[in-house]
Amino acid sequence: MSKAAIIGGGVIGGGWAARFLLNGWDVAVSDPDPQAERKITEVLANARRALPALYDRGLPPEGRLSFVSDIAEAVVGADWVQESIPETLELKHRILPAIQAAAGPQAIIGSSTSGFKPSELNAAGTCAIVAHPFNPVYLLPLVELVGDAATCADAAAILRNIGMYPLTIRKEIDAHIADRLLEAVWREALWLVKDGIATTEEIDESIRMGFGIRWAQMGLFETYRIAGGEAGMAHFMAQFGPALSWPWTKLMDVPEFNEELVDLIASQSDAQSGHMSIRELERLRDDNVVGMIRALRRTNSGAGGVVRTHEASLPDPGERKGLPITATRQVPVSWTDYNGHMNEAHYLEAASQATDRFMELIGADAAYVASGRSYFTVENHLRYLDEVRAGDTLTVTTQVLAGQGKRMHLFHRLWRGPVNLAATVETMLLHTDLSTRRASEPRTPIAEALSNWVARHADMPAEGAGRSVGQRPGGSG
Ligand SMILES: NC(=O)C1=CN([C@@H]2O[C@H](COP(=O)(O)OP(=O)(O)OC[C@H]3O[C@@H](n4cnc5c(N)ncnc54)[C@H](O)[C@@H]3O)[C@@H](O)[C@H]2O)C=CC1
Ligand SMILES: C[N+](C)(C)CC(=O)CC(=O)[O-]
(Lines give C-alpha, C1' and ligand atoms only; values in the text may rest on other atoms or scores of the structure.)
(Ligands and ions follow the chains in the order given, each with its own letter.)
Protein backbone atom coordinates (compact mmCIF):
# COMPACT_ATOMS: atom_id res chain seq x y z
CA MET A 1 0.00 0.00 0.00
CA SER A 2 1.41 3.42 -0.93
CA LYS A 3 1.50 6.17 1.68
CA ALA A 4 1.20 9.96 1.35
CA ALA A 5 2.05 12.44 4.10
CA ILE A 6 0.16 15.73 4.01
CA ILE A 7 1.87 18.53 5.93
CA GLY A 8 -0.72 21.27 6.39
CA GLY A 9 -4.31 20.08 6.15
CA GLY A 10 -6.17 23.26 5.15
CA VAL A 11 -8.08 23.88 1.94
CA ILE A 12 -5.40 22.38 -0.31
CA GLY A 13 -3.93 19.78 2.05
CA GLY A 14 -7.48 18.47 2.66
CA GLY A 15 -8.04 18.18 -1.08
CA TRP A 16 -4.76 16.30 -1.56
CA ALA A 17 -5.65 13.96 1.32
CA ALA A 18 -8.99 13.14 -0.37
CA ARG A 19 -7.38 12.62 -3.81
CA PHE A 20 -4.83 10.12 -2.43
CA LEU A 21 -7.28 8.32 -0.10
CA LEU A 22 -9.95 7.80 -2.76
CA ASN A 23 -7.29 6.35 -5.04
CA GLY A 24 -6.34 3.73 -2.45
CA TRP A 25 -3.38 5.40 -0.72
CA ASP A 26 -2.91 5.55 3.06
CA VAL A 27 -2.67 9.16 4.20
CA ALA A 28 -1.13 10.68 7.35
CA VAL A 29 -1.90 14.33 8.05
CA SER A 30 0.10 16.69 10.30
CA ASP A 31 -1.42 20.06 11.12
CA PRO A 32 -1.30 21.97 14.43
CA ASP A 33 -4.83 23.37 13.90
CA PRO A 34 -7.17 21.58 16.39
CA GLN A 35 -9.95 21.95 13.77
CA ALA A 36 -7.94 20.24 11.00
CA GLU A 37 -9.45 16.77 11.55
CA ARG A 38 -13.03 18.12 11.46
CA LYS A 39 -12.35 20.18 8.35
CA ILE A 40 -10.68 17.31 6.47
CA THR A 41 -13.49 14.93 7.46
CA GLU A 42 -16.00 17.37 5.94
CA VAL A 43 -13.95 17.86 2.77
CA LEU A 44 -13.58 14.09 2.48
CA ALA A 45 -17.36 13.64 2.70
CA ASN A 46 -17.76 16.06 -0.23
CA ALA A 47 -14.99 14.29 -2.17
CA ARG A 48 -16.58 10.84 -1.64
CA ARG A 49 -19.78 12.24 -3.10
CA ALA A 50 -18.07 13.80 -6.14
CA LEU A 51 -14.94 12.01 -7.37
CA PRO A 52 -16.40 8.52 -7.95
CA ALA A 53 -19.19 10.14 -10.00
CA LEU A 54 -16.64 10.94 -12.72
CA TYR A 55 -16.01 7.24 -13.30
CA ASP A 56 -17.98 4.40 -14.86
CA ARG A 57 -15.79 1.98 -12.93
CA GLY A 58 -15.10 1.56 -9.23
CA LEU A 59 -12.02 3.29 -7.81
CA PRO A 60 -9.66 1.17 -5.64
CA PRO A 61 -10.73 0.54 -2.02
CA GLU A 62 -10.19 3.69 0.04
CA GLY A 63 -6.92 3.99 1.99
CA ARG A 64 -6.56 4.62 5.74
CA LEU A 65 -6.54 8.18 7.10
CA SER A 66 -4.60 9.10 10.24
CA PHE A 67 -3.88 12.38 12.02
CA VAL A 68 -0.51 12.60 13.73
CA SER A 69 1.00 15.22 15.94
CA ASP A 70 4.38 15.75 14.35
CA ILE A 71 5.90 15.96 10.92
CA ALA A 72 8.43 13.14 11.42
CA GLU A 73 5.66 10.69 12.33
CA ALA A 74 3.61 11.67 9.29
CA VAL A 75 6.50 11.42 6.87
CA VAL A 76 8.00 8.09 7.98
CA GLY A 77 7.59 5.47 5.23
CA ALA A 78 5.82 7.90 2.90
CA ASP A 79 6.25 7.59 -0.87
CA TRP A 80 4.96 11.14 -1.38
CA VAL A 81 5.08 14.08 1.02
CA GLN A 82 2.99 17.12 0.10
CA GLU A 83 3.74 20.37 1.88
CA SER A 84 0.59 22.53 1.95
CA ILE A 85 1.31 25.04 4.71
CA PRO A 86 0.57 28.78 4.30
CA GLU A 87 2.23 30.69 1.46
CA THR A 88 5.09 32.20 3.50
CA LEU A 89 8.64 31.56 2.37
CA GLU A 90 10.03 31.82 5.88
CA LEU A 91 7.62 29.13 7.15
CA LYS A 92 8.32 26.87 4.17
CA HIS A 93 12.07 27.26 4.86
CA ARG A 94 11.47 25.98 8.41
CA ILE A 95 9.20 23.08 7.51
CA LEU A 96 10.82 21.69 4.33
CA PRO A 97 14.13 20.79 6.07
CA ALA A 98 12.16 19.05 8.85
CA ILE A 99 10.30 17.05 6.19
CA GLN A 100 13.49 16.16 4.34
CA ALA A 101 15.26 15.05 7.54
CA ALA A 102 12.49 12.55 8.31
CA ALA A 103 11.61 11.38 4.80
CA GLY A 104 13.13 8.28 3.25
CA PRO A 105 15.26 8.64 0.10
CA GLN A 106 12.40 7.22 -2.01
CA ALA A 107 9.96 9.97 -1.02
CA ILE A 108 8.98 12.66 -3.47
CA ILE A 109 8.61 15.97 -1.63
CA GLY A 110 6.10 18.22 -3.37
CA SER A 111 5.16 21.76 -2.40
CA SER A 112 1.71 23.15 -3.19
CA THR A 113 3.13 26.67 -3.41
CA SER A 114 1.15 28.91 -5.73
CA GLY A 115 4.01 31.23 -6.48
CA PHE A 116 7.47 30.31 -5.16
CA LYS A 117 10.09 28.84 -7.49
CA PRO A 118 12.00 25.66 -6.54
CA SER A 119 15.22 27.69 -6.30
CA GLU A 120 13.56 29.86 -3.62
CA LEU A 121 11.93 26.93 -1.77
CA ASN A 122 15.14 24.93 -1.66
CA ALA A 123 17.43 27.80 -0.60
CA ALA A 124 18.14 25.89 2.63
CA GLY A 125 19.45 22.85 0.71
CA THR A 126 16.25 20.80 0.45
CA CYS A 127 15.21 19.03 -2.74
CA ALA A 128 11.46 19.64 -3.02
CA ILE A 129 9.71 20.11 -6.33
CA VAL A 130 6.72 22.37 -6.90
CA ALA A 131 3.56 20.27 -7.31
CA HIS A 132 0.97 23.02 -7.62
CA PRO A 133 -2.64 21.75 -7.70
CA PHE A 134 -6.00 23.45 -8.28
CA ASN A 135 -8.95 23.66 -5.95
CA PRO A 136 -10.78 21.24 -5.55
CA VAL A 137 -7.72 19.00 -5.73
CA TYR A 138 -9.87 15.85 -5.62
CA LEU A 139 -11.71 16.80 -8.84
CA LEU A 140 -9.47 19.04 -10.97
CA PRO A 141 -6.68 17.08 -12.67
CA LEU A 142 -4.06 19.80 -13.24
CA VAL A 143 -0.82 19.77 -11.22
CA GLU A 144 2.01 22.09 -12.33
CA LEU A 145 5.37 20.42 -11.75
CA VAL A 146 8.55 22.49 -11.51
CA GLY A 147 12.04 21.41 -10.47
CA ASP A 148 14.51 18.57 -10.92
CA ALA A 149 13.67 16.80 -14.18
CA ALA A 150 14.08 13.20 -12.94
CA THR A 151 12.00 13.86 -9.81
CA CYS A 152 9.32 15.58 -11.88
CA ALA A 153 9.20 12.54 -14.23
CA ASP A 154 8.72 10.15 -11.26
CA ALA A 155 6.15 12.51 -9.77
CA ALA A 156 4.26 12.69 -13.08
CA ALA A 157 3.91 8.90 -13.20
CA ILE A 158 2.46 8.82 -9.67
CA LEU A 159 0.08 11.70 -10.37
CA ARG A 160 -1.27 9.96 -13.51
CA ASN A 161 -1.97 6.89 -11.36
CA ILE A 162 -4.21 8.96 -9.11
CA GLY A 163 -6.07 10.44 -12.07
CA MET A 164 -4.26 13.78 -12.30
CA TYR A 165 -2.74 15.68 -15.21
CA PRO A 166 0.88 16.67 -14.55
CA LEU A 167 2.06 19.66 -16.59
CA THR A 168 5.83 19.94 -16.30
CA ILE A 169 6.98 23.53 -16.69
CA ARG A 170 10.02 24.15 -18.87
CA LYS A 171 11.62 26.93 -16.79
CA GLU A 172 10.92 28.09 -13.28
CA ILE A 173 9.06 31.38 -13.04
CA ASP A 174 7.14 33.14 -10.24
CA ALA A 175 3.58 31.78 -10.01
CA HIS A 176 4.20 29.09 -12.69
CA ILE A 177 1.71 29.27 -15.62
CA ALA A 178 -1.92 29.15 -14.55
CA ASP A 179 -1.69 31.55 -11.61
CA ARG A 180 -0.06 34.15 -13.87
CA LEU A 181 -3.16 33.95 -16.07
CA LEU A 182 -5.56 33.93 -13.12
CA GLU A 183 -3.73 36.84 -11.53
CA ALA A 184 -4.17 38.95 -14.68
CA VAL A 185 -7.94 38.31 -14.65
CA TRP A 186 -8.17 38.91 -10.91
CA ARG A 187 -6.28 42.21 -11.18
CA GLU A 188 -8.59 43.50 -13.92
CA ALA A 189 -11.64 42.35 -11.94
CA LEU A 190 -10.48 44.24 -8.82
CA TRP A 191 -10.10 47.39 -10.91
CA LEU A 192 -13.58 47.00 -12.38
CA VAL A 193 -15.11 46.74 -8.88
CA LYS A 194 -12.98 49.51 -7.39
CA ASP A 195 -13.82 51.87 -10.27
CA GLY A 196 -17.55 51.13 -9.83
CA ILE A 197 -17.89 49.60 -13.32
CA ALA A 198 -19.20 46.23 -12.14
CA THR A 199 -20.10 44.29 -8.99
CA THR A 200 -18.52 40.96 -8.02
CA GLU A 201 -21.75 39.27 -9.18
CA GLU A 202 -21.72 40.98 -12.59
CA ILE A 203 -18.10 39.97 -13.11
CA ASP A 204 -18.91 36.36 -12.23
CA GLU A 205 -21.83 36.40 -14.71
CA SER A 206 -19.54 37.78 -17.42
CA ILE A 207 -17.33 34.72 -16.91
CA ARG A 208 -19.83 31.93 -16.39
CA MET A 209 -22.30 32.99 -19.09
CA GLY A 210 -19.57 33.16 -21.71
CA PHE A 211 -15.87 32.51 -21.88
CA GLY A 212 -15.72 30.35 -18.73
CA ILE A 213 -17.65 27.64 -20.56
CA ARG A 214 -15.36 27.94 -23.59
CA TRP A 215 -12.17 27.75 -21.56
CA ALA A 216 -12.99 24.41 -19.89
CA GLN A 217 -13.10 22.62 -23.19
CA MET A 218 -10.66 24.39 -25.53
CA GLY A 219 -8.58 26.78 -23.47
CA LEU A 220 -7.51 30.14 -24.90
CA PHE A 221 -5.64 29.59 -28.15
CA GLU A 222 -7.84 26.91 -29.70
CA THR A 223 -10.89 29.04 -28.86
CA TYR A 224 -9.34 32.09 -30.56
CA ARG A 225 -8.34 30.02 -33.60
CA ILE A 226 -12.05 29.34 -34.17
CA ALA A 227 -12.81 33.02 -33.51
CA GLY A 228 -10.55 33.86 -36.46
CA GLY A 229 -13.05 32.14 -38.76
CA GLU A 230 -11.87 30.17 -41.76
CA ALA A 231 -8.72 32.29 -41.94
CA GLY A 232 -7.83 30.98 -38.48
CA MET A 233 -5.31 32.28 -35.99
CA ALA A 234 -3.33 34.59 -38.29
CA HIS A 235 -6.51 36.51 -39.08
CA PHE A 236 -7.53 36.60 -35.41
CA MET A 237 -4.12 38.05 -34.46
CA ALA A 238 -4.32 40.68 -37.17
CA GLN A 239 -7.83 41.71 -36.15
CA PHE A 240 -7.43 41.85 -32.36
CA GLY A 241 -3.67 42.39 -31.93
CA PRO A 242 -4.04 46.20 -32.08
CA ALA A 243 -6.39 46.03 -29.07
CA LEU A 244 -3.38 45.15 -26.94
CA SER A 245 -2.21 48.75 -27.23
CA TRP A 246 -5.68 50.23 -26.75
CA PRO A 247 -6.82 50.96 -23.17
CA TRP A 248 -8.59 47.58 -22.80
CA THR A 249 -6.47 46.63 -19.86
CA LYS A 250 -4.70 48.22 -16.94
CA LEU A 251 -2.00 45.59 -17.41
CA MET A 252 0.50 45.58 -14.53
CA ASP A 253 -1.11 48.47 -12.69
CA VAL A 254 -2.43 46.94 -9.42
CA PRO A 255 -5.15 48.68 -7.35
CA GLU A 256 -3.95 49.71 -3.93
CA PHE A 257 -4.63 46.76 -1.63
CA ASN A 258 -6.13 48.55 1.39
CA GLU A 259 -8.96 47.93 3.88
CA GLU A 260 -11.38 49.90 1.75
CA LEU A 261 -10.84 47.58 -1.24
CA VAL A 262 -11.10 44.44 0.93
CA ASP A 263 -14.37 45.69 2.49
CA LEU A 264 -15.81 46.61 -0.91
CA ILE A 265 -15.08 43.18 -2.41
CA ALA A 266 -16.01 41.22 0.73
CA SER A 267 -19.35 43.02 1.23
CA GLN A 268 -20.35 42.49 -2.42
CA SER A 269 -19.31 38.84 -2.17
CA ASP A 270 -21.40 38.44 1.03
CA ALA A 271 -24.42 39.95 -0.74
CA GLN A 272 -23.87 37.65 -3.70
CA SER A 273 -23.21 34.31 -1.96
CA GLY A 274 -23.52 34.78 1.81
CA HIS A 275 -26.80 32.82 1.91
CA MET A 276 -24.86 29.57 1.47
CA SER A 277 -22.19 28.02 3.70
CA ILE A 278 -18.77 27.24 2.21
CA ARG A 279 -19.53 23.48 2.33
CA GLU A 280 -22.83 24.05 0.47
CA LEU A 281 -21.02 26.16 -2.13
CA GLU A 282 -18.40 23.41 -2.46
CA ARG A 283 -21.11 20.82 -3.11
CA LEU A 284 -22.77 23.03 -5.72
CA ARG A 285 -19.37 23.62 -7.37
CA ASP A 286 -18.56 19.89 -7.25
CA ASP A 287 -21.88 18.83 -8.83
CA ASN A 288 -21.35 21.35 -11.64
CA VAL A 289 -17.71 20.34 -12.17
CA VAL A 290 -18.66 16.65 -12.25
CA GLY A 291 -21.38 17.38 -14.83
CA MET A 292 -18.94 19.34 -17.01
CA ILE A 293 -16.16 16.76 -16.82
CA ARG A 294 -18.66 14.00 -17.60
CA ALA A 295 -19.76 15.95 -20.69
CA LEU A 296 -16.10 16.29 -21.71
CA ARG A 297 -15.68 12.49 -21.40
CA ARG A 298 -17.90 12.04 -24.44
CA THR A 299 -15.51 13.87 -26.74
CA ASN A 300 -12.42 12.71 -24.86
CA SER A 301 -11.46 16.37 -24.40
CA GLY A 302 -9.55 18.12 -21.64
CA ALA A 303 -10.29 16.87 -18.13
CA GLY A 304 -12.78 14.32 -19.56
CA GLY A 305 -9.97 12.68 -21.54
CA VAL A 306 -7.84 12.46 -18.37
CA VAL A 307 -10.64 10.63 -16.53
CA ARG A 308 -11.13 8.17 -19.40
CA THR A 309 -7.41 7.36 -19.58
CA HIS A 310 -7.28 6.87 -15.82
CA GLU A 311 -10.42 4.73 -15.86
CA ALA A 312 -8.90 2.43 -18.51
CA SER A 313 -5.89 1.87 -16.23
CA LEU A 314 -7.97 0.75 -13.21
CA PRO A 315 -7.62 -2.96 -12.40
CA ASP A 316 -10.07 -5.42 -13.98
CA PRO A 317 -12.73 -6.15 -11.35
CA GLY A 318 -12.53 -9.94 -11.94
CA GLU A 319 -15.38 -12.36 -11.18
CA ARG A 320 -18.19 -12.90 -8.69
CA LYS A 321 -19.88 -16.29 -8.13
CA GLY A 322 -18.09 -17.64 -11.22
CA LEU A 323 -19.44 -14.89 -13.49
CA PRO A 324 -17.49 -12.01 -15.03
CA ILE A 325 -17.99 -8.63 -13.38
CA THR A 326 -18.96 -6.50 -16.36
CA ALA A 327 -19.60 -3.22 -14.54
CA THR A 328 -18.82 -1.83 -11.13
CA ARG A 329 -19.21 1.72 -9.89
CA GLN A 330 -20.27 3.89 -7.03
CA VAL A 331 -23.76 5.31 -7.55
CA PRO A 332 -23.51 9.10 -8.08
CA VAL A 333 -26.01 11.56 -6.60
CA SER A 334 -26.98 12.49 -10.17
CA TRP A 335 -28.39 8.96 -10.64
CA THR A 336 -30.93 9.44 -7.84
CA ASP A 337 -34.37 11.01 -8.11
CA TYR A 338 -37.08 12.68 -6.03
CA ASN A 339 -37.76 9.36 -4.25
CA GLY A 340 -34.25 9.43 -2.77
CA HIS A 341 -33.00 6.36 -4.62
CA MET A 342 -31.46 5.37 -7.96
CA ASN A 343 -33.83 6.28 -10.76
CA GLU A 344 -35.21 3.39 -12.83
CA ALA A 345 -33.43 4.56 -16.01
CA HIS A 346 -29.99 4.05 -14.47
CA TYR A 347 -30.62 0.34 -13.73
CA LEU A 348 -30.82 -0.04 -17.50
CA GLU A 349 -27.79 2.24 -18.00
CA ALA A 350 -25.71 -0.01 -15.73
CA ALA A 351 -26.93 -3.09 -17.62
CA SER A 352 -26.15 -1.43 -20.93
CA GLN A 353 -22.57 -0.76 -19.76
CA ALA A 354 -22.35 -4.42 -18.77
CA THR A 355 -23.50 -5.50 -22.23
CA ASP A 356 -20.82 -3.28 -23.82
CA ARG A 357 -18.19 -4.85 -21.56
CA PHE A 358 -19.40 -8.36 -22.38
CA MET A 359 -19.19 -7.54 -26.09
CA GLU A 360 -15.54 -6.56 -25.50
CA LEU A 361 -14.95 -9.88 -23.70
CA ILE A 362 -16.02 -11.82 -26.81
CA GLY A 363 -14.02 -9.54 -29.12
CA ALA A 364 -16.94 -7.43 -30.36
CA ASP A 365 -15.04 -4.33 -29.23
CA ALA A 366 -14.62 -0.81 -30.64
CA ALA A 367 -12.36 -2.08 -33.47
CA TYR A 368 -14.95 -4.74 -34.43
CA VAL A 369 -17.72 -2.12 -34.46
CA ALA A 370 -15.49 0.18 -36.55
CA SER A 371 -15.17 -2.70 -39.04
CA GLY A 372 -18.93 -2.49 -39.63
CA ARG A 373 -20.44 -5.10 -37.29
CA SER A 374 -22.11 -4.87 -33.92
CA TYR A 375 -24.91 -6.19 -31.71
CA PHE A 376 -28.28 -4.43 -31.41
CA THR A 377 -30.51 -4.93 -28.35
CA VAL A 378 -33.97 -6.11 -29.42
CA GLU A 379 -35.56 -6.86 -26.03
CA ASN A 380 -34.95 -6.15 -22.32
CA HIS A 381 -36.77 -7.46 -19.26
CA LEU A 382 -35.84 -5.55 -16.11
CA ARG A 383 -36.90 -6.65 -12.62
CA TYR A 384 -36.44 -4.05 -9.85
CA LEU A 385 -35.79 -6.03 -6.65
CA ASP A 386 -34.18 -3.59 -4.21
CA GLU A 387 -33.54 0.12 -3.74
CA VAL A 388 -30.10 1.51 -4.48
CA ARG A 389 -28.92 4.81 -2.97
CA ALA A 390 -26.23 7.38 -3.76
CA GLY A 391 -22.82 6.17 -2.62
CA ASP A 392 -23.75 2.45 -2.80
CA THR A 393 -21.40 0.23 -4.79
CA LEU A 394 -23.21 -1.28 -7.75
CA THR A 395 -21.70 -4.39 -9.34
CA VAL A 396 -23.03 -6.15 -12.43
CA THR A 397 -22.31 -9.79 -13.31
CA THR A 398 -23.23 -11.24 -16.69
CA GLN A 399 -24.34 -14.77 -17.50
CA VAL A 400 -24.81 -16.00 -21.06
CA LEU A 401 -28.06 -17.90 -21.42
CA ALA A 402 -27.67 -18.58 -25.14
CA GLY A 403 -25.47 -17.51 -27.99
CA GLN A 404 -25.85 -19.11 -31.36
CA GLY A 405 -25.85 -17.64 -34.83
CA LYS A 406 -27.13 -14.07 -34.77
CA ARG A 407 -28.60 -14.28 -31.26
CA MET A 408 -26.99 -13.43 -27.96
CA HIS A 409 -29.09 -13.82 -24.79
CA LEU A 410 -27.62 -12.29 -21.63
CA PHE A 411 -28.71 -12.25 -17.99
CA HIS A 412 -27.27 -9.35 -15.95
CA ARG A 413 -27.50 -9.32 -12.17
CA LEU A 414 -27.14 -5.91 -10.49
CA TRP A 415 -25.75 -6.22 -6.95
CA ARG A 416 -25.93 -3.52 -4.31
CA GLY A 417 -22.85 -4.03 -2.13
CA PRO A 418 -21.55 -7.56 -1.78
CA VAL A 419 -24.77 -9.58 -1.32
CA ASN A 420 -27.98 -7.69 -2.16
CA LEU A 421 -29.51 -8.48 -5.54
CA ALA A 422 -30.98 -5.14 -6.65
CA ALA A 423 -32.20 -6.06 -10.13
CA THR A 424 -31.92 -8.51 -12.99
CA VAL A 425 -31.91 -7.47 -16.63
CA GLU A 426 -32.48 -10.07 -19.31
CA THR A 427 -31.27 -8.83 -22.67
CA MET A 428 -31.74 -10.27 -26.15
CA LEU A 429 -29.36 -8.99 -28.81
CA LEU A 430 -29.02 -9.61 -32.54
CA HIS A 431 -25.74 -9.41 -34.39
CA THR A 432 -26.11 -6.69 -37.04
CA ASP A 433 -24.34 -5.59 -40.21
CA LEU A 434 -23.97 -1.83 -39.74
CA SER A 435 -24.02 -1.06 -43.47
CA THR A 436 -27.30 -2.90 -44.25
CA ARG A 437 -28.72 -2.40 -40.69
CA ARG A 438 -29.91 -6.04 -40.90
CA ALA A 439 -29.22 -9.05 -38.68
CA SER A 440 -26.15 -10.99 -39.79
CA GLU A 441 -23.86 -13.81 -38.66
CA PRO A 442 -20.93 -12.73 -36.44
CA ARG A 443 -17.37 -13.30 -37.61
CA THR A 444 -15.95 -16.71 -36.63
CA PRO A 445 -13.72 -15.58 -33.68
CA ILE A 446 -16.68 -13.77 -32.11
CA ALA A 447 -19.01 -16.75 -32.61
CA GLU A 448 -16.39 -19.09 -31.09
CA ALA A 449 -15.70 -16.84 -28.10
CA LEU A 450 -19.45 -16.56 -27.45
CA SER A 451 -19.99 -20.32 -27.60
CA ASN A 452 -17.11 -20.81 -25.11
CA TRP A 453 -18.94 -18.54 -22.65
CA VAL A 454 -22.20 -20.43 -23.31
CA ALA A 455 -20.45 -23.71 -22.42
CA ARG A 456 -18.94 -22.20 -19.23
CA HIS A 457 -22.33 -20.91 -18.03
CA ALA A 458 -24.45 -23.83 -19.26
CA ASP A 459 -25.02 -25.53 -15.88
CA MET A 460 -25.47 -22.39 -13.83
CA PRO A 461 -28.89 -21.53 -12.42
CA ALA A 462 -30.52 -18.33 -13.69
CA GLU A 463 -33.39 -17.83 -11.25
CA GLY A 464 -35.68 -15.08 -12.52
CA ALA A 465 -34.73 -15.49 -16.17
CA GLY A 466 -37.45 -16.21 -18.73
CA ARG A 467 -40.28 -14.62 -16.74
CA SER A 468 -42.88 -12.44 -18.34
CA VAL A 469 -44.00 -9.09 -16.91
CA GLY A 470 -46.05 -9.51 -13.70
CA GLN A 471 -45.21 -13.18 -13.27
CA ARG A 472 -44.55 -14.05 -9.59
CA PRO A 473 -41.36 -15.86 -8.53
CA GLY A 474 -42.00 -19.59 -8.97
CA GLY A 475 -45.53 -18.93 -10.28
CA SER A 476 -47.03 -19.00 -13.72
CA GLY A 477 -48.62 -15.55 -13.79
N1 LIG B 1 -6.27 27.93 -1.54
C2 LIG B 1 -5.99 27.79 -2.82
O3 LIG B 1 -6.80 28.08 -3.70
C4 LIG B 1 -4.67 27.21 -3.24
C5 LIG B 1 -3.57 27.23 -2.42
N6 LIG B 1 -2.38 26.67 -2.84
C7 LIG B 1 -1.18 26.68 -1.98
O8 LIG B 1 -1.34 25.67 -0.98
C9 LIG B 1 -0.69 26.06 0.22
C10 LIG B 1 -1.70 26.01 1.36
O11 LIG B 1 -2.74 26.92 1.08
P12 LIG B 1 -4.22 26.73 1.69
O13 LIG B 1 -4.52 25.30 1.85
O14 LIG B 1 -5.09 27.59 0.89
O15 LIG B 1 -4.02 27.38 3.13
P16 LIG B 1 -4.87 27.11 4.46
O17 LIG B 1 -4.67 28.29 5.31
O18 LIG B 1 -6.26 26.69 4.13
O19 LIG B 1 -4.13 25.83 5.08
C20 LIG B 1 -2.84 25.87 5.62
C21 LIG B 1 -2.77 24.85 6.74
O22 LIG B 1 -1.43 24.72 7.16
C23 LIG B 1 -1.46 24.52 8.56
N24 LIG B 1 -0.14 24.81 9.13
C25 LIG B 1 0.36 26.00 9.51
N26 LIG B 1 1.60 25.80 10.00
C27 LIG B 1 1.86 24.47 9.93
C28 LIG B 1 2.97 23.65 10.29
N29 LIG B 1 4.05 24.17 10.86
N30 LIG B 1 2.89 22.32 10.08
C31 LIG B 1 1.80 21.78 9.52
N32 LIG B 1 0.71 22.52 9.16
C33 LIG B 1 0.76 23.84 9.36
C34 LIG B 1 -2.56 25.44 9.05
O35 LIG B 1 -3.02 25.06 10.33
C36 LIG B 1 -3.60 25.27 7.96
O37 LIG B 1 -4.52 24.22 8.27
C38 LIG B 1 -0.10 27.45 -0.05
O39 LIG B 1 1.26 27.32 -0.40
C40 LIG B 1 -0.93 27.96 -1.22
O41 LIG B 1 -0.23 28.88 -2.03
C42 LIG B 1 -2.27 26.02 -4.04
C43 LIG B 1 -3.36 25.96 -4.89
C44 LIG B 1 -4.60 26.61 -4.59
C1 LIG C 1 -5.48 31.99 -5.37
N2 LIG C 1 -4.42 31.00 -5.61
C3 LIG C 1 -3.27 31.73 -6.12
C4 LIG C 1 -4.07 30.40 -4.32
C5 LIG C 1 -4.98 30.04 -6.56
C6 LIG C 1 -4.14 28.87 -6.95
O7 LIG C 1 -2.97 28.76 -6.64
C8 LIG C 1 -4.73 27.83 -7.82
C9 LIG C 1 -6.24 27.71 -7.87
O10 LIG C 1 -6.77 26.70 -7.42
O11 LIG C 1 -6.88 28.61 -8.37
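In this predicted model, a polar backbone atom of I85 lies 3.4 Å from an oxygen atom of ligand 1, and two side chains also place polar atoms beside oxygen atoms of this ligand. One of these side chains belongs to D31, where the distance from a polar atom to an oxygen of ligand 1 is 2.6 Å; the other belongs to K92, where the corresponding distance is 2.7 Å. Ligand 1 has 830 Å² of accessible area on its own, and the protein covers 74% of that area.

The wider surroundings of ligand 1 comprise 21 residues, of which I12, D31, E87, K92 and S114 come nearest. Sorted by class, this shell holds eight nonpolar, nine polar and four charged residues. Two helices can be named as contributors to the shell, since α1, spanning 11-22, and α4, spanning 89-102, each supply at least two of its residues.

S114, listed among the nearest residues of ligand 1, leads on to the second ligand, because S114 is also one of the residues that surround ligand 2, a residue being counted there if one of its heavy atoms lies within 4 Å. The full set around ligand 2 consists of S114, H132, F134, N135, D179 and L182, which by class amounts to two nonpolar, three polar and one charged residues. Three polar pairs can be described here: an N or O atom in the side chain of S114 is 2.9 Å from an oxygen atom of ligand 2, a polar backbone atom of N135 is 3.0 Å from an oxygen atom of the ligand, and a polar side-chain atom of D179 lies 2.7 Å from an oxygen atom of the ligand. Taken alone, ligand 2 exposes 320 Å², and the protein buries 54% of this area.

H132, which belongs to the surroundings of ligand 2, is also the last residue of β6 (129-132), and the loop that runs between α5 (118-121) and this strand contains N122. Is N122 buried or exposed? With a relative accessibility of 16%, N122 counts as buried, because the threshold for that class is under 20%. A polar atom of the N122 side chain lies 2.8 Å from the backbone oxygen of A128, and, when residues up to four places away in sequence are left aside, N122 touches C127 and A128.

C127 raises the matter of disulfides, for which the count comes to zero. C127 takes part in none, and the nearest cysteine sulfur, that of C152, is 12 Å away. Seen from the other side, the closest cysteine sulfur to that of C152 is in C127, and the 12 Å between them is too far for a bond, because the two sulfur atoms would have to lie within 2.5 Å. C152 is itself buried, with a relative accessible area of 1%.

These local views belong to a chain of 477 residues, 42% of which are buried, and in which there are 16 helices and 15 strands. Along the principal axes, the C-alpha atoms fill a box of roughly 80 × 60 × 45 Å. Among the contacts in the chain with a separation of 6 or more, 68% join residues that are 24 or more positions apart. The chain exposes about 24800 Å², and carbon and sulfur atoms supply 56% of that area.

Definitions and conventions: Residues numbered from 1 in each chain as written. Chains lettered and ligands numbered in written order. Predicted model: local features only at pLDDT ≥ 70, side-chain atom pairs only at ≥ 80, totals over all residues. Heavy atoms only, no water. Polar contact = N/O pair within 3.5 Å; in protein donor to acceptor, adjacent residues only side chain to side chain. Areas by Shrake-Rupley, 256 points an atom, 1.4 Å probe, with all protein chains shown as cover. Nonpolar A, V, L, I, M, F, W, Y, C, P; charged D, E, K, R; others polar. Helix = DSSP H or I, 4+ residues; strand = E, 2+ residues; numbered from the N terminus. Buried < 20%, exposed > 50% of the residue type's maximum accessible area, 1.4 Å probe, protein only. Contact = heavy atoms within 4.5 Å.
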